[in-house]
Amino acid sequence: MFLAIDIGNSSVKFGVHDGSSWSTIRSSSHRRVVIETELTLAASNWDIIQIGISSVVPEITEVVAEILKTRKMVQPVTVDPTMRLPFAMGYKTPGTLGADRIAAAAGALSFFRNDKPPRSIVVVDAGTAVTLDVISAENVYLGGSIAPGPELLQFALSRGTSQLPSVPWVEPHSPIGTSTEESIQAGIVIPFLEGIRALLLATICELSDAPHVVATGGWGPWLADRIPEIEYVEPSLVLDGIRELVQYQAS
(Lines give C-alpha, C1' and ligand atoms only; values in the text may rest on other atoms or scores of the structure.)
Protein backbone atom coordinates (compact mmCIF):
# COMPACT_ATOMS: atom_id res chain seq x y z
CA MET A 1 0.00 0.00 0.00
CA PHE A 2 1.15 3.52 -0.79
CA LEU A 3 0.53 6.51 1.48
CA ALA A 4 0.60 9.94 -0.14
CA ILE A 5 0.60 13.03 2.06
CA ASP A 6 -0.26 16.36 0.43
CA ILE A 7 0.53 19.24 2.82
CA GLY A 8 -1.23 22.37 1.59
CA ASN A 9 -1.55 25.88 2.91
CA SER A 10 -4.82 25.19 4.73
CA SER A 11 -4.94 21.45 5.43
CA VAL A 12 -3.22 18.09 5.01
CA LYS A 13 -4.64 15.43 2.70
CA PHE A 14 -3.83 11.76 3.26
CA GLY A 15 -4.37 9.23 0.51
CA VAL A 16 -3.84 5.46 0.66
CA HIS A 17 -3.60 3.70 -2.70
CA ASP A 18 -4.36 -0.02 -2.74
CA GLY A 19 -3.13 -0.59 -6.28
CA SER A 20 -6.34 0.46 -7.98
CA SER A 21 -7.91 3.42 -6.15
CA TRP A 22 -7.45 6.01 -3.41
CA SER A 23 -8.97 6.21 0.05
CA THR A 24 -8.57 9.77 1.29
CA ILE A 25 -8.94 11.82 4.47
CA ARG A 26 -8.35 15.55 4.79
CA SER A 27 -7.36 17.19 8.07
CA SER A 28 -9.43 20.15 9.20
CA SER A 29 -6.37 22.18 10.27
CA HIS A 30 -2.59 22.15 10.73
CA ARG A 31 -2.82 21.35 14.46
CA ARG A 32 -0.60 18.41 15.38
CA VAL A 33 -3.35 16.53 17.23
CA VAL A 34 -5.64 16.79 14.20
CA ILE A 35 -2.94 15.69 11.76
CA GLU A 36 -1.98 12.72 13.94
CA THR A 37 -5.62 11.66 14.34
CA GLU A 38 -6.33 11.83 10.62
CA LEU A 39 -3.10 10.03 9.75
CA THR A 40 -4.05 7.25 12.15
CA LEU A 41 -7.47 6.95 10.54
CA ALA A 42 -6.02 6.98 7.04
CA ALA A 43 -3.31 4.35 7.62
CA SER A 44 -4.58 2.15 10.46
CA ASN A 45 -6.13 -0.54 8.27
CA TRP A 46 -3.33 -0.74 5.71
CA ASP A 47 0.17 -2.23 5.49
CA ILE A 48 2.00 0.83 4.17
CA ILE A 49 5.19 -0.01 2.27
CA GLN A 50 5.88 3.36 0.63
CA ILE A 51 5.21 6.97 1.66
CA GLY A 52 5.51 10.13 -0.40
CA ILE A 53 5.12 13.72 0.81
CA SER A 54 4.38 16.87 -1.17
CA SER A 55 4.49 19.98 0.98
CA VAL A 56 4.31 23.76 0.61
CA VAL A 57 4.54 24.31 4.39
CA PRO A 58 8.01 23.22 5.63
CA GLU A 59 7.20 23.47 9.35
CA ILE A 60 4.25 21.09 8.91
CA THR A 61 6.48 18.71 6.94
CA GLU A 62 8.64 18.43 10.05
CA VAL A 63 5.59 17.70 12.21
CA VAL A 64 4.38 14.97 9.84
CA ALA A 65 7.88 13.43 9.58
CA GLU A 66 8.12 13.31 13.38
CA ILE A 67 4.70 11.63 13.63
CA LEU A 68 5.72 9.03 11.03
CA LYS A 69 8.95 8.34 12.93
CA THR A 70 7.09 8.00 16.23
CA ARG A 71 4.73 5.50 14.62
CA LYS A 72 7.76 3.62 13.20
CA MET A 73 6.44 3.89 9.65
CA VAL A 74 8.68 3.64 6.58
CA GLN A 75 10.94 6.55 5.67
CA PRO A 76 9.02 8.97 3.41
CA VAL A 77 10.23 10.35 0.10
CA THR A 78 9.71 14.11 -0.12
CA VAL A 79 8.91 15.65 -3.49
CA ASP A 80 11.39 18.34 -4.54
CA PRO A 81 12.84 19.64 -7.82
CA THR A 82 16.20 17.89 -7.29
CA MET A 83 14.67 14.43 -7.50
CA ARG A 84 14.54 12.41 -10.71
CA LEU A 85 11.56 13.70 -12.70
CA PRO A 86 9.49 12.13 -15.51
CA PHE A 87 9.76 15.35 -17.53
CA ALA A 88 12.47 17.78 -18.58
CA MET A 89 12.69 20.97 -16.52
CA GLY A 90 12.22 24.20 -18.45
CA TYR A 91 11.66 26.40 -15.38
CA LYS A 92 14.35 29.04 -14.88
CA THR A 93 14.33 28.72 -11.08
CA PRO A 94 13.46 25.06 -10.30
CA GLY A 95 14.66 25.48 -6.73
CA THR A 96 11.72 27.80 -6.08
CA LEU A 97 9.14 25.52 -7.69
CA GLY A 98 6.51 24.27 -5.24
CA ALA A 99 6.30 20.54 -4.61
CA ASP A 100 2.55 20.63 -5.28
CA ARG A 101 3.17 21.98 -8.79
CA ILE A 102 5.75 19.27 -9.48
CA ALA A 103 3.36 16.59 -8.23
CA ALA A 104 0.44 18.00 -10.23
CA ALA A 105 2.54 17.95 -13.40
CA ALA A 106 3.61 14.35 -12.75
CA GLY A 107 0.00 13.38 -12.02
CA ALA A 108 -1.18 14.99 -15.26
CA LEU A 109 1.41 13.09 -17.28
CA SER A 110 0.16 9.89 -15.67
CA PHE A 111 -3.47 10.86 -16.37
CA PHE A 112 -2.73 11.34 -20.08
CA ARG A 113 -0.16 8.53 -20.29
CA ASN A 114 -1.88 6.80 -23.22
CA ASP A 115 -2.47 9.96 -25.25
CA LYS A 116 -1.25 9.37 -28.83
CA PRO A 117 0.14 11.53 -30.26
CA PRO A 118 1.10 13.46 -27.10
CA ARG A 119 -0.41 16.90 -26.59
CA SER A 120 0.47 19.76 -24.29
CA ILE A 121 -1.21 19.70 -20.88
CA VAL A 122 -2.45 22.58 -18.74
CA VAL A 123 -3.15 21.77 -15.09
CA VAL A 124 -5.45 24.09 -13.13
CA ASP A 125 -4.91 23.40 -9.43
CA ALA A 126 -7.44 25.52 -7.53
CA GLY A 127 -7.09 25.70 -3.77
CA THR A 128 -5.84 28.41 -1.43
CA ALA A 129 -3.91 29.61 -4.47
CA VAL A 130 -4.73 28.80 -8.08
CA THR A 131 -1.82 27.55 -10.15
CA LEU A 132 -1.70 26.90 -13.87
CA ASP A 133 1.10 24.56 -14.93
CA VAL A 134 2.07 23.63 -18.47
CA ILE A 135 3.79 20.50 -19.78
CA SER A 136 4.58 20.62 -23.49
CA ALA A 137 3.89 17.87 -25.99
CA GLU A 138 7.67 17.32 -25.95
CA ASN A 139 7.47 16.44 -22.24
CA VAL A 140 9.00 19.66 -20.92
CA TYR A 141 7.66 21.43 -17.85
CA LEU A 142 7.42 25.02 -19.11
CA GLY A 143 6.12 26.84 -16.03
CA GLY A 144 2.81 28.58 -15.49
CA SER A 145 1.15 31.15 -13.26
CA ILE A 146 0.00 31.65 -9.67
CA ALA A 147 -3.13 33.54 -8.61
CA PRO A 148 -5.03 33.96 -5.33
CA GLY A 149 -7.89 31.58 -4.63
CA PRO A 150 -11.33 32.51 -3.27
CA GLU A 151 -10.37 32.34 0.41
CA LEU A 152 -7.41 34.65 -0.09
CA LEU A 153 -9.57 37.17 -1.93
CA GLN A 154 -12.18 37.11 0.82
CA PHE A 155 -9.51 37.39 3.52
CA ALA A 156 -7.70 40.28 1.81
CA LEU A 157 -10.85 42.36 1.38
CA SER A 158 -12.20 41.82 4.91
CA ARG A 159 -8.84 42.16 6.71
CA GLY A 160 -7.57 45.03 4.57
CA THR A 161 -10.57 47.26 5.25
CA SER A 162 -12.14 48.52 8.45
CA GLN A 163 -15.83 48.22 7.57
CA LEU A 164 -16.23 45.52 4.93
CA PRO A 165 -17.38 42.17 6.36
CA SER A 166 -16.39 38.68 5.31
CA VAL A 167 -19.22 37.29 3.16
CA PRO A 168 -20.16 33.84 1.86
CA TRP A 169 -18.82 32.81 -1.54
CA VAL A 170 -22.04 33.07 -3.58
CA GLU A 171 -22.09 33.64 -7.32
CA PRO A 172 -24.00 36.89 -7.92
CA HIS A 173 -26.98 37.16 -10.27
CA SER A 174 -25.83 40.62 -11.33
CA PRO A 175 -22.68 42.75 -11.09
CA ILE A 176 -24.87 45.44 -9.53
CA GLY A 177 -25.20 44.41 -5.89
CA THR A 178 -28.21 45.78 -4.01
CA SER A 179 -26.57 45.31 -0.58
CA THR A 180 -23.03 45.46 0.77
CA GLU A 181 -22.92 41.66 0.87
CA GLU A 182 -24.04 41.37 -2.77
CA SER A 183 -21.65 44.15 -3.80
CA ILE A 184 -18.69 42.31 -2.27
CA GLN A 185 -19.76 39.04 -3.85
CA ALA A 186 -19.99 40.73 -7.26
CA GLY A 187 -16.60 42.33 -6.70
CA ILE A 188 -14.72 39.13 -5.88
CA VAL A 189 -16.58 36.23 -7.50
CA ILE A 190 -16.92 37.69 -11.01
CA PRO A 191 -13.30 38.94 -11.27
CA PHE A 192 -12.00 35.65 -9.86
CA LEU A 193 -13.88 33.54 -12.40
CA GLU A 194 -13.22 35.78 -15.37
CA GLY A 195 -9.61 36.29 -14.33
CA ILE A 196 -8.85 32.56 -14.15
CA ARG A 197 -10.57 31.96 -17.49
CA ALA A 198 -8.64 34.83 -19.11
CA LEU A 199 -5.40 33.43 -17.68
CA LEU A 200 -6.23 29.98 -19.01
CA LEU A 201 -7.12 31.29 -22.48
CA ALA A 202 -3.92 33.35 -22.62
CA THR A 203 -1.95 30.25 -21.64
CA ILE A 204 -3.62 28.14 -24.33
CA CYS A 205 -2.84 30.82 -26.93
CA GLU A 206 0.86 30.56 -26.08
CA LEU A 207 0.96 26.89 -27.05
CA SER A 208 1.46 25.53 -30.55
CA ASP A 209 -1.14 22.79 -30.18
CA ALA A 210 -4.56 22.32 -28.60
CA PRO A 211 -3.72 21.24 -25.05
CA HIS A 212 -5.58 19.02 -22.67
CA VAL A 213 -6.86 21.03 -19.70
CA VAL A 214 -7.40 19.23 -16.39
CA ALA A 215 -8.50 20.76 -13.09
CA THR A 216 -7.85 19.58 -9.55
CA GLY A 217 -8.02 21.01 -6.03
CA GLY A 218 -10.99 21.98 -3.89
CA TRP A 219 -12.18 24.68 -6.30
CA GLY A 220 -11.45 22.62 -9.42
CA PRO A 221 -15.02 21.32 -9.93
CA TRP A 222 -16.47 24.82 -9.36
CA LEU A 223 -14.22 26.27 -12.05
CA ALA A 224 -14.79 23.36 -14.44
CA ASP A 225 -18.56 23.90 -14.24
CA ARG A 226 -18.09 27.50 -15.41
CA ILE A 227 -15.08 27.39 -17.74
CA PRO A 228 -15.77 25.25 -20.84
CA GLU A 229 -12.08 25.01 -21.74
CA ILE A 230 -11.53 22.74 -18.72
CA GLU A 231 -12.12 19.24 -20.10
CA TYR A 232 -11.42 17.05 -17.09
CA VAL A 233 -11.60 17.16 -13.31
CA GLU A 234 -9.31 14.80 -11.41
CA PRO A 235 -9.46 15.28 -7.62
CA SER A 236 -6.55 12.90 -6.93
CA LEU A 237 -4.14 14.43 -9.45
CA VAL A 238 -1.57 15.58 -6.86
CA LEU A 239 -1.79 12.28 -4.96
CA ASP A 240 -1.29 10.43 -8.26
CA GLY A 241 1.71 12.62 -8.95
CA ILE A 242 3.27 11.92 -5.54
CA ARG A 243 2.89 8.19 -6.14
CA GLU A 244 4.29 8.47 -9.67
CA LEU A 245 7.32 10.44 -8.52
CA VAL A 246 8.17 8.09 -5.66
CA GLN A 247 7.88 5.01 -7.85
CA TYR A 248 9.79 6.73 -10.66
CA GLN A 249 12.85 7.01 -8.40
CA ALA A 250 13.20 3.24 -8.38
CA SER A 251 12.35 2.59 -12.03
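# Exercises on a predicted model

Proline 117 has its place in the loop between helix 3 (99–111) and strand 7. Helices (H or I, at least four residues) and strands (E, at least two) are DSSP runs, numbered from the N terminus. The model is predicted: local features need pLDDT of at least 70 and side-chain atom pairs count only at pLDDT 80 or more, while totals for chains, interfaces and linings use all residues. Residues are numbered from 1 along each chain as its sequence is written, and side-chain values use heavy atoms, with hydrogens and water left out.

## Exercise: backbone geometry

**Task.** State the form of the peptide bond from lysine 116 to proline 117, then give phi for lysine 72 and for asparagine 139.

**Solution.**
- Most residues other than glycine have a negative phi, and most peptide bonds are trans.
- The bond from lysine 116 to proline 117 is cis, with omega near -10°.
- Lysine 72, although not a glycine, has a positive phi of about 55°. This lysine 72 belongs to the loop between helix 2 (58–70) and strand 5 (77–78). It counts as exposed because its relative accessibility is 75%; buried means under 20% relative accessible area, exposed over 50%, and partly exposed in between (1.4 Å probe, protein chains only).
- Asparagine 139 also has a positive phi, near 70°. Its loop joins strand 8 and strand 9, and at 29% relative accessibility asparagine 139 counts as partly exposed.

## Exercise: strand 1 and its partners

**Task.** Determine which strands pair with strand 1 (residues 2–7) and in what sense, and decide whether its faces are covered or open.

**Solution.**
- Two strands pair if DSSP finds at least two bridges between them.
- Strand 1 and strand 2 (residues 12–17) run antiparallel and are joined by six bridges. Phenylalanine 2 stands opposite histidine 17, and a hairpin of four residues connects strand 1 to strand 2.
- With strand 4 (residues 50–55), strand 1 pairs in the parallel sense over six bridges; isoleucine 5 has isoleucine 53 as its bridge partner there.
- In a regular strand the side chains alternate between the two faces of the sheet.
- Both faces of strand 1 are covered: Phe2, Ala4 and Asp6 are buried on one side, and Leu3, Ile5 and Ile7 are buried on the other.

## Exercise: the six-stranded sheet

**Task.** Give the strand order of the open sheet of six strands, identify its edges, and name the strands touched by helix 5.

**Solution.**
- The order is 6-9-8-7-10-11, with mixed pairing.
- Strand 6 (88–89) and strand 11 (232–233) are the edges; each has a single partner strand, so one side of each lacks a neighbour in the sheet.
- Strand 6 pairs with strand 9 (residues 140–148) in the parallel sense over two bridges; alanine 88 has valine 140 as its bridge partner.
- Helix 5 packs on the sheet and touches strand 7 (121–126), strand 8 (129–135), strand 9 and strand 10 (212–216). Its direction makes about 10° with that of strand 8. Axes are lines fitted to C-alpha atoms, for helices over the stretch in contact, and angles run from 0 to 180 degrees between N-to-C directions.
- Threonine 203 lies in helix 5 and counts as buried at 14% relative accessibility. Not counting residues up to four places away in sequence, threonine 203 touches Val122, Leu132 and Val134, where contact means heavy atoms within 4.5 Å.

## Exercise: packing of helix 4 on helix 5

**Task.** Describe how helix 4 (residues 150–159) and helix 5 (residues 180–205) pack, by angle and axis distance, and classify the residues of their contact.

**Solution.**
- The helices pack at an angle of about 145°, and their axes are 11 Å apart.
- Pro150, Leu153, Gln154 and Leu157 of helix 4 meet Ile184, Ile188 and Phe192 of helix 5.
- The residues of this contact comprise six nonpolar, one polar and no charged. Ala, Val, Leu, Ile, Met, Phe, Trp, Tyr, Cys and Pro count as nonpolar, Asp, Glu, Lys and Arg as charged, and the others, Gly among them, as polar.

## Exercise: the length of helix 7

**Task.** Compare the expected span of helix 7 (residues 237–249) with the distance between its end C-alpha atoms.

**Solution.**
- The expected span is 1.5 Å times one less than the number of residues.
- For the 13 residues of helix 7 the expected span is 18 Å, and the end C-alpha atoms are 19 Å apart, which agrees.
- Buried residues of helix 7 include Leu237, Ile242 and Val246.
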